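Please walk through this structure in a viewer, one selection at a time. Each stop says what to select and what is found there.

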Amino acid sequence: MEFVPFQESMVEAGAKLLWGNYRALRGKGLTLLPQRFEELDSAQEALHRLLAQPRTMGLAAFLKGELRAYLLGTPTVNSIRGRHVWIHPAGLGIDSSFSLELFRDLYARLGAIWVHNGFFDHFLLTLNEPAWLEPWLRVGFGYEQAHALLDLETLDFDHPPNPQITVRQGNKTDRTLVQSFYDIIPRQHAAAPVWGVALPEDLPEIYEGYGELLDEEGTTTWLAFLDGHPVGLHVYRTLWDGVDLLVPAGAARLTVASTREEARGRGVSSTLLSVALQDAYSKGFRVCETDWRITNLLSSRHWESKGFKEVARRLVRKVDPRIVWADGYNVLA
Ligand SMILES: CC(C)(COP(=O)(O)OP(=O)(O)OC[C@H]1O[C@@H](n2cnc3c(N)ncnc32)[C@H](O)[C@@H]1OP(=O)(O)O)[C@@H](O)C(=O)NCCC(=O)NCCS
């Protein structure tokens, strides 16, 4: 096997691998994913888009002059995640007659370049199928986020009857009320066993962002009241683009779901979901998309029990930065 940098000229061959993998995985129970990427043109377009992102780099595995597998990653720098690399859904492809083990070889070689350049945190977003994920677990990745779809065509809109709960759509006069929910998700995500940091300097921005939800085109907020007191919020966004490998057409994204602690476990979120999705269905939406931290016990259990099906997972590998100098060659003597 020969390993060479991935070039634009390899897109056609790469798209064939991506297309083949996508088709096979979609056939293994991920049929809610968009069928569009079972067309070669769409797979090719996805690869072109990925390569057009600044700093995207990759490695290709060739045998007997043919592309057998590739791995593409995008080194990125921002204040939330620092120096890190994204491997997007279109960033990996393999000839189905080869062992998925080849991904481990590609990662070892490409990852070495990232680590050498101070990119220690590696994120991989890919389709959710046990055998497909296995090689990544075996190079030290762990599950972080679930991406899921709910088929509105088959949804049973019945919800647990709790006559104490009333639900209505939010409007511009609800700004302060919607903003009052702003810290529920950050606090839940900072708590055990998620332990995802909620940076103090980000909280004012999140507060402002909640207020702006009511002004956004294509965004719908729903509020729930228990005995007349506001206790729950759901926010849905229309997904406009039709270019994402993970998002089918006619999809609404459930982007915020929060129930005040004292009102949890009484059907608030279930009622909001049911009312909001009935409304979305009547407006032509056919799928609801959402994501959650796999370590968030509340949301991961809740969305699964509501029928959301995990179609993709984000995995993360965090390399100990000391590896740059604690490499077995430096001896303190
Ligand atoms: C996840 C979350 C939104 C769920 O909200 P909730 O209002 O407690 O949800 P519900 O009461 O409808 O359902 C919760 C459980 O209560 C039970 N329940 C629902 N209605 C009930 C009723 N009338 N009587 C008794 N129990 C009931 C169900 O068994 C349900 O189980 P499930 O979670 O496995 O589906 C809430 O826990 C929350 O705000 N968490 C913190 C923020 C967060 O994590 N948000 C999600 C980010 S992705």
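Helices (H or I, at least four residues) and strands (E, at least two) are DSSP runs, numbered from the N terminus. With those names in hand, keep in mind throughout that this is a predicted model.

**Stop 1: a loop with a cis bond**

Select proline 193, which sits in the loop between H6 and helix H7 (203-212). Look at the peptide bond that joins alanine 192 to proline 193: this bond is cis, with omega at about -5 degrees.

**Stop 2: the ligand**

Now select the ligand and the residues around it. The shell holds 24 residues, and the closest are Ala257, Thr259, Gly267, Ser270 and Ser305.

Which elements should be coloured here? Helix H6 (184-190), strand S11 (251-259), helix H8 (268-282), strand S12 (287-293) and helix H9 (297-305) each supply at least two residues of the shell. H9 gives the most, with 6 residues. By residue type, the shell around the ligand divides into 8 nonpolar, 11 polar and 5 charged.

Next, show the oxygen atoms of the ligand and pick three protein residues in turn.

- Serine 305: an N or O atom in the side chain is 2.5 Å from an oxygen atom of the ligand.
- Asparagine 296: a polar side-chain atom lies 2.8 Å from an oxygen atom of the ligand.
- Serine 269: here a backbone N or O atom lies 3.0 Å from an oxygen atom of the ligand.

On its own the ligand has 940 Å² of accessible area, and the protein covers 76% of that area.

**Stop 3: the largest cavity**

Hide the ligand shell and turn to the empty space inside the protein. How many cavities of 30 Å³ or more does a search of the whole structure find? The search finds 1. About 70 Å³ of space lies in the largest cavity.

To see its walls, select Leu18, Asn21, Tyr22, Leu25, Pro89, Leu92, Thr126, Leu127, Trp132 and Leu245, which line the largest cavity. Helix H1 (11-26) and strand S6 (121-127) each supply at least two residues of this lining. The largest share, 4 residues, comes from H1. Colour the lining of the largest cavity by type and it divides into 8 nonpolar, 2 polar and no charged residues.

**Stop 4: the second largest pocket**

Keep H1 selected and move on to the second largest pocket, which holds about 230 Å³ of space. Of the 15 residues that line this pocket, the closest to its centre are Asn21, Ala24, Ile94, Ser96 and Trp132. Asn21 and Trp132 are also among the residues that line the largest cavity.

H1 and helix H4 (130-137) each supply at least two residues of the lining of the second largest pocket. H1 gives the most, with 6 residues. The lining of the second largest pocket divides into 8 nonpolar, 3 polar and 4 charged residues.

**Stop 5: two buried residues in strands**

Select histidine 122, which lies in strand S6. Is histidine 122 buried or exposed? Histidine 122 counts as buried because its relative accessibility is 0%, and the cut-off for buried is under 20%. Add valine 316 to the selection: the two C-alpha atoms are separated by 5.6 Å, while the residues are 194 apart along the chain.

Then go to glutamine 145 in strand S7 (residues 142-151). Glutamine 145 has 8% relative accessibility, so this residue also counts as buried. Show its side chain together with that of arginine 293, and a polar contact of 3.2 Å appears between the two side chains.

**Stop 6: two loop residues with positive phi**

The last stop concerns backbone angles. Select arginine 55, in the loop between helix H2 (40-52) and strand S2 (57-63). Arginine 55 is not a glycine, yet its phi is positive, about 70 degrees. Its relative accessibility is 51%, so arginine 55 counts as exposed; the cut-off for exposed is over 50%.

Finish at aspartate 227, in the loop between strand S9 (219-226) and strand S10 (229-238). Aspartate 227 is not a glycine either, and it has a positive phi of about 50 degrees.

Terms used: Residues are numbered from 1 along each chain as its sequence is written. This is a predicted model: local features need pLDDT of at least 70, side-chain atom pairs count only at pLDDT 80 or more; totals for chains, interfaces and linings use all residues. Side-chain values use heavy atoms; hydrogens and water are left out. On a 1 Å grid over the protein atoms alone, a cavity is a set of points where a 1.4 Å probe fits but cannot get out, and a pocket is an open set with protein on both sides within 12 Å along at least five of seven lines; lining residues have an atom within 4 Å of a point. Grid points are joined across faces, edges and corners, and a volume is the space filled by probe spheres set on the points. Ala, Val, Leu, Ile, Met, Phe, Trp, Tyr, Cys and Pro count as nonpolar, Asp, Glu, Lys and Arg as charged, and the others, Gly among them, as polar. A residue is near a molecule or strand if one of its heavy atoms lies within 4 Å of it. A polar contact is a pair of N or O atoms within 3.5 Å; within protein, one must be able to donate a hydrogen and the other to accept it, and residues adjacent in sequence count only if both atoms are side-chain atoms. Accessible areas come from the Shrake-Rupley method with a 1.4 Å probe; for residues, only the protein chains shown count as cover. Buried means under 20% relative accessible area, exposed over 50%, partly exposed in between (1.4 Å probe, protein chains only).
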